[in-house]
Amino acid sequence: MLFSIFLLLGSLGSERVYHEAPVTVTDTVITLPAGDTGGLLTYSSEARVALDNIKECEGMSPGRWTLFIAGESGDTLAMTLRHGNTAYGDILDRRFTRLTVRRGGKVLFDDEVDGFSSSPGAFNTLSAELSESGLLMVRGGGKKREIVAQLQIDTPFSPTESGVAVAGGSGEVSLFCCEESRLPEAVVTTGWSHEELTDYIKASDDPAEGFWKYLDRENDPEYARPGGRYLLATVRNKDAGGYDIIYVDGARTYSDRWNPMMLKGRLIPTIFTSHYDLEWLDSSFEPMTEDLHADITDGAILTLSFPMFKTVMRFSKMPVR
């Protein structure tokens, strides 16, 4: 069904992690580890830093800071922000900000950039977003972020951590975070194999656990359309409570994206016997929780109800041999 849904998985497909802030650092590096980057769509890191040692002087100011993304085997993408004067003491002197982007020892970008504050104690933001295709988008500024560099990384890069490095003085880091955006398919993959799931259900005496085969539906096609004639399994989730709904087979919409043993939804127990709040992933991996419910009748019929979409689907319990 083409619904909108939210599972108890946090934000489906993305995760953001923050470093403790504000924090003042002097010639120091602070880091955040990357999480699971399997099925990665984008990896991004962002920091907001104010330097104290960027006074006007001949050439470049001593203070500088770097936002970097470290990869495997010491591979690193580093974005360094520095400030300087074109002709200190001259009537034509101009204050400027320079951004340098390096991969390892190779300079990928080195130029003046606009929109940054060059005063001591003023905050500037840098963010870097690396896509699955190798596109590196660097944004930054003093008051708002704008695109300042866009580069194509030619060879694969697998992030392991992000970091902020302050050199030539001290700086206050008011924000430092990283975010991973992954394919929904990667997020909803479970640890079950078909054999393990079958053996588990064979040994279960819980009537809410089992394999469920599509039986029939009541559906208004103007509100929703079925994504397939699903074969599902339900298993107790001891950590989260309730039951996981596992997809086994039967997808027709986006069938190439749905693999057996992916998480399809959840049954959350209520105060009523055999009645559950329902969470469901539609065929396009969109989540929804509001006004959904499910019932198990006589341990034999699983009914999934989507009243806002004028749809009910029923599944019959299958014997396990």
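Arg16 counts as partly exposed, because its relative accessibility of 45% falls between the limits for buried and exposed residues. The model in which Arg16 is described here is a predicted one. The briefing follows Arg16 into its salt bridge with Glu179, and then turns to other charged pairs, a positive surface patch, the cysteines, the backbone and a few separations along the chain.

**Arg16 and its partner**

- Arg16 lies in strand 1, and its side chain meets that of Glu179 in a salt bridge, with 2.7 Å from N to O.
- This pair links distant parts of the chain, since Glu179 belongs to strand 11 (residues 159-182) whereas Arg16 belongs to strand 1 (residues 14-18), with their positions 163 residues apart in the numbering.
- Arg16 can also be placed relative to Thr297, which is 281 residues apart from Arg16 along the chain and whose C-alpha atom is separated from that of Arg16 by 41 Å.

**Other salt bridges**

- The count of salt bridges in the model comes to nine, including the pair of Glu179 and Arg16 and the two pairs that follow.
- The side chains of Arg103 and Asp75 meet in a salt bridge at 2.6 Å, taken from N to O.
- This second pair also links distant parts of the chain, with Arg103 in strand 6 (residues 95-103) and Asp75 in the loop between strand 4 (59-71) and strand 5 (76-85), the two residues being 28 residues apart.
- Arg103 counts as buried, because its relative accessibility of 16% lies under the 20% limit.
- Lys144 and Glu146 form a further salt bridge through their side chains, with an N to O distance of 3.4 Å.
- Within this pair, Lys144 counts as exposed because its relative accessibility is 58% and the limit is 50%, while Glu146, at 41% relative accessibility, counts as partly exposed.

**Positive surface patch**

- Lys213, Arg217, Arg229 and Arg252 form a positive surface patch.
- One of these residues, Lys213, has its place in strand 12, which covers residues 210-219.

**Cysteines**

- The count of disulfides in the model comes to zero.
- For Cys177, the closest cysteine sulfur is that of Cys178, and the separation of 7.1 Å is too far for a bond, because a disulfide requires the two sulfur atoms to be within 2.5 Å.
- Cys177 counts as buried at 4% relative accessibility, and Cys57 is likewise buried, with a relative accessible area of 15%.

**Backbone features**

- The peptide bond that leads from Ala21 to Pro22 is cis, with omega near 0°, and Pro22 lies in the loop between strand 1 and strand 2 (23-33).
- Asp27 has a positive phi of about 45° although it is not a glycine; Asp27 lies in strand 2, and at 52% relative accessibility Asp27 counts as exposed.
- Tyr254 has a positive phi of about 55°, although Tyr254 is not a glycine either.
- The place of Tyr254 is in the loop between strand 14 (243-251) and strand 15 (262-269), where Tyr254 is partly exposed, with a relative accessible area of 39%.

**Strand 10 and the loop after it**

- Leu151 is found in strand 10, which covers residues 146-152, and Leu151 counts as buried because its relative accessibility of 14% is under 20%.
- The C-alpha atom of Leu151 is separated by 28 Å from that of Ile54, a residue 97 residues apart from Leu151 along the chain.
- Pro156 lies in the loop between strand 10 and strand 11, and at 77% relative accessibility Pro156 counts as exposed.
- Between the C-alpha atoms of Pro156 and Glu132 the separation is 8.7 Å, and these two residues are 24 residues apart along the chain.

Methods
Residues numbered from 1 in each chain as written. Predicted model: local features only at pLDDT ≥ 70, side-chain atom pairs only at ≥ 80, totals over all residues. Heavy atoms only, no water. Salt bridge = Lys/Arg side-chain N within 4 Å of Asp/Glu carboxyl O. Helix = DSSP H or I, 4+ residues; strand = E, 2+ residues; numbered from the N terminus. Buried < 20%, exposed > 50% of the residue type's maximum accessible area, 1.4 Å probe, protein only. Patch = residues over 30% accessible without salt bridge, like charges linked within 9 Å, V, L, I, M, F, W, Y side chains within 5 Å. Areas by Shrake-Rupley, 256 points an atom, 1.4 Å probe, with all protein chains shown as cover. Lys, Arg positive; Asp, Glu negative; His and termini not counted. Charge placed at Lys NZ, Arg CZ, Asp CG, Glu CD.
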